[in-house]
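Hi everyone, thanks for making time. I'd like to walk you through a structure that may be new to you, so let's put it on the screen.

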Amino acid sequence: MGFSCLWVLLLCIIGEGLVKGVLGVGGLACNWGTRSTHPLPPSIVVKLLKDNGFSKVKLFEADPGALQALGGTGIQVMVGIPNELLAPLASSVTVAENWVSKNVSSYISRNGVDIRYVAVGNEPFLKTYKDTFLQTTFPALQNIQAALIKAGLGRQVKVTIPLNADVYQTDSGLPSGGNFRSDIHTLMMSILKFLSDNDGALTINIYPFLSLQADPDFPKEYAFFNNTSKPVVDGSISYTNVLDANFDTCIAALEKNGFSSLPVIVGEVGWPTDGDPNANIEDARRFNQGLVSRILAGQGSPKRSTPPDIYIFGLIDEDAKSIQPGNFERHWGVFNFDGSIKYSLDIGRGKALVPAKGVHYLARKWCIMAPDASLSDPNLVQSINYACSYADCTSLGYGSSCGMLDARSNASYAFNMYYQTMDQRKGACEFSNLSVTTTTDPSPTQNGQNRSCRFEIMIDLGKHEKPRRSPAAGLREHNSHIVVMVLLVLVLVSTLMI
């Protein structure tokens with residue numbers, strides 16, 4: 001097998017896909033995740049969506065604040081159902097009816113929310129889940145559809161299942177060889193027939209970035225649009241980017257199994273800006289600008305010229321998101337956690353991105369390592385360990401935006417993230433006499449790799465709606481390897497200074 005064929009095969013194996021739908025072009029669409037210690041108020045997020053031309057949004061769960069804020073806006077909504085709800089929904093149609101009544105019908109009738117899709121589960125057939133959801137996903141899908149019909153919403157609201165593209169692969173290493181995985185082939189046929197019979201759609205999540213992460217020999221240029229990479233030739237078609245290649249691998253799988261006209265939605269696609277050497281502002285801007293330009297131009301793939309609905313992942317950074325796949329998981333947003341702009345994008349007719357308006361912040365003060373504190377203090381390691389267990393220190397990793405800080409600044413960053421995550425409360429900047437507060441911004445000002453390293457000040461939740469979860473809730477269970485990473489950096493830098 002040639003090199004070009006091999007890496008296309010690898011892309012499919014690790015779970016990416018380029019897909020196409022017959023849903024037409026209707027502006028920009030994005031994913032709105034809410035795994036944040038200091039979430040933006042939903043009303044501000046909705047204004048952010050409208051100001052930047054997003055006409056469709058996907059929610060990972062039926063978040064009451066988000067749904068209420070979307071009422072009467074005209075923004076089309078896809079409401080997600082988390083995987084942990086699949087079992088109860090599969091067990092009883094009554095459970096599904098109650099869920100639809102509470103999370104769909106009520107928001108449509110009372111709030112005027114334009115709900116178009118219910119997304120049943122989130123990548124439930126991912127190989128890493130080890131078949132956990134194989135027996136419950138399809139029955140849950142069937143029961144949700146039955147509940148929508150009973151509620152009189154069968155024509156208005158459709159069903160879908162967002163799947164990781166590891167549900168299909170290609171034995172030939174080319175898109176034309178696409179087919180669904182043998183271990184779930186029968187199940188996929190049942191699901192696809194059900195979606196087709198009920199005017200639903202298949203949703204596939206696509207991640208060119210993860211291809212780059214998984215294969216050191218992957219030609220990076222091929223992940224972008226308008227690149228200089230060598231095309232992949234598949235019969236009469238030349239694929240110039242991985243998005244089209246993966247998309248058409250999915251289409252080939254559908255055609256091969258009699259579902260050539262089934263609509264396909266790209267549920268997630270984007271590029272992170274931090275947490276890894278390949279996750280940076282320059283590459284994220286390049287990828288997302290190319291993606292947005294394709295969407296606005298109504299460009300499809302070689303096998304399907306009609307453009308699909310494409311949901312950019314994601315709208316805003318989420319500092320409480322699981323980092324099991326990698327530290328970059330908290331940095332997919334086109335915008336920072338507070339709705340400020342990370343990088344410029346032309347979103348059509350020369351219009352640039354617009355930041356969030358009306359955001360209130362905590363006081364302009366930071367927590368840093370005290371000038372007279374020693375790097376050899378026996379309490380320093382434990383203090384950093386504690387801080388990064390409860391706050392997001394992913395920007396301190398190798399190749400990340402703050403990865404080149406010296407040892408003192410490294411400790412200061414950890415202390416400050418804890419201080420801000422804890423709302424600057426009294427006692428939150430007391431690390432065994434190692435820390436002090438300052439009103440001088442400690443963010444690096446020099447050019448080079450640290451130019452995007454920011455010592456944050458968090459959103460003032462007290463001046464907005466009350467948070468849904470306490471600060472740092474759920475962070476500690478996800479942060480153990482960040483702590484190890486930060487400590488290694490500190491030890492290494494300290495050693496070099498001796």
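I'll start with the whole chain, then visit a helix, some empty spaces and a few single residues.

One thing up front: this is a predicted model. The protein chain has 498 residues, and 60% of them are buried. In terms of secondary structure, you're looking at 14 helices and 14 strands. The accessible surface adds up to about 19,800 Å², and carbon and sulfur atoms hold 52% of that. Now take the contacts in the chain with a separation of 6 or more: 76% of those are between residues 24 or more positions apart.

Okay, on to helix 2, which covers residues 42–51. How many of its 10 residues are buried? The count is 7, so helix 2 is largely enclosed by the rest of the structure. If you want to find them, they are Pro-42, Ile-44, Val-45, Val-46, Leu-48, Leu-49 and Asp-51. And what do these buried residues pack against? They pack against strand 1 (28–32), strand 2 (54–59) and helix 3 (64–70). After helix 2 comes Gly-53, and its phi is positive, near 75°.

Next, the empty spaces. There are 5 cavities of 30 Å³ or more. The largest cavity has a volume of about 130 Å³. It is lined by 15 residues, and the closest to its centre are Trp-32, Gly-33, Thr-34, Pro-39 and Leu-40. Sorted by class, that lining has 8 nonpolar, 3 polar and 4 charged residues.

Then there are the pockets, and I picked the second largest one, with about 400 Å³ of space. Its lining is 22 residues, and Asp-317, His-331, Asn-336, Arg-454 and Glu-456 lie nearest the centre. Here the split is 7 nonpolar, 6 polar and 9 charged.

Keep Arg-454 in mind, because it turns up again among the contacts of Ser-443. Ser-443 is in the loop between strand 14 (435–438) and helix 13 (475–478). Is Ser-443 buried or exposed? Its relative accessibility is 14%, and the cut-off for buried is under 20%, so Ser-443 counts as buried. Its side chain makes a polar contact with the side chain of Asp-441, at 2.8 Å. The Ser-443 side chain also reaches the backbone nitrogen of Phe-455, at 2.8 Å. Setting aside neighbours within four places in sequence, Ser-443 is in contact with Cys-453, Arg-454 and Phe-455.

Now for another serine, Ser-261, in the loop between helix 9 (242–256) and strand 11 (264–269). Ser-261 has a relative accessible area of 60%, which makes it exposed. Look across to Arg-304: it is 43 residues away from Ser-261 in sequence, and the C-alpha atoms are 9.8 Å apart in space.

My last stop is Phe-133, which sits in the loop between strand 4 (114–120) and helix 6 (137–150). At 16% relative accessibility, Phe-133 is buried. Which residues is Phe-133 in contact with, leaving aside neighbours within four places in sequence? They are Asn-83, Leu-86, Pro-124 and Phe-125. Glu-84 is 49 residues from Phe-133 along the chain, and 9.0 Å separates their C-alpha atoms.

That's my tour, and I'm happy to go back to any part of it.

Note on methods:
Residues are numbered from 1 along each chain as its sequence is written. This is a predicted model: local features need pLDDT of at least 70, side-chain atom pairs count only at pLDDT 80 or more; totals for chains, interfaces and linings use all residues. Side-chain values use heavy atoms; hydrogens and water are left out. Helices (H or I, at least four residues) and strands (E, at least two) are DSSP runs, numbered from the N terminus. Buried means under 20% relative accessible area, exposed over 50%, partly exposed in between (1.4 Å probe, protein chains only). A polar contact is a pair of N or O atoms within 3.5 Å; within protein, one must be able to donate a hydrogen and the other to accept it, and residues adjacent in sequence count only if both atoms are side-chain atoms. Contact means heavy atoms within 4.5 Å. Accessible areas come from the Shrake-Rupley method with a 1.4 Å probe; for residues, only the protein chains shown count as cover. On a 1 Å grid over the protein atoms alone, a cavity is a set of points where a 1.4 Å probe fits but cannot get out, and a pocket is an open set with protein on both sides within 12 Å along at least five of seven lines; lining residues have an atom within 4 Å of a point. Grid points are joined across faces, edges and corners, and a volume is the space filled by probe spheres set on the points. Ala, Val, Leu, Ile, Met, Phe, Trp, Tyr, Cys and Pro count as nonpolar, Asp, Glu, Lys and Arg as charged, and the others, Gly among them, as polar.
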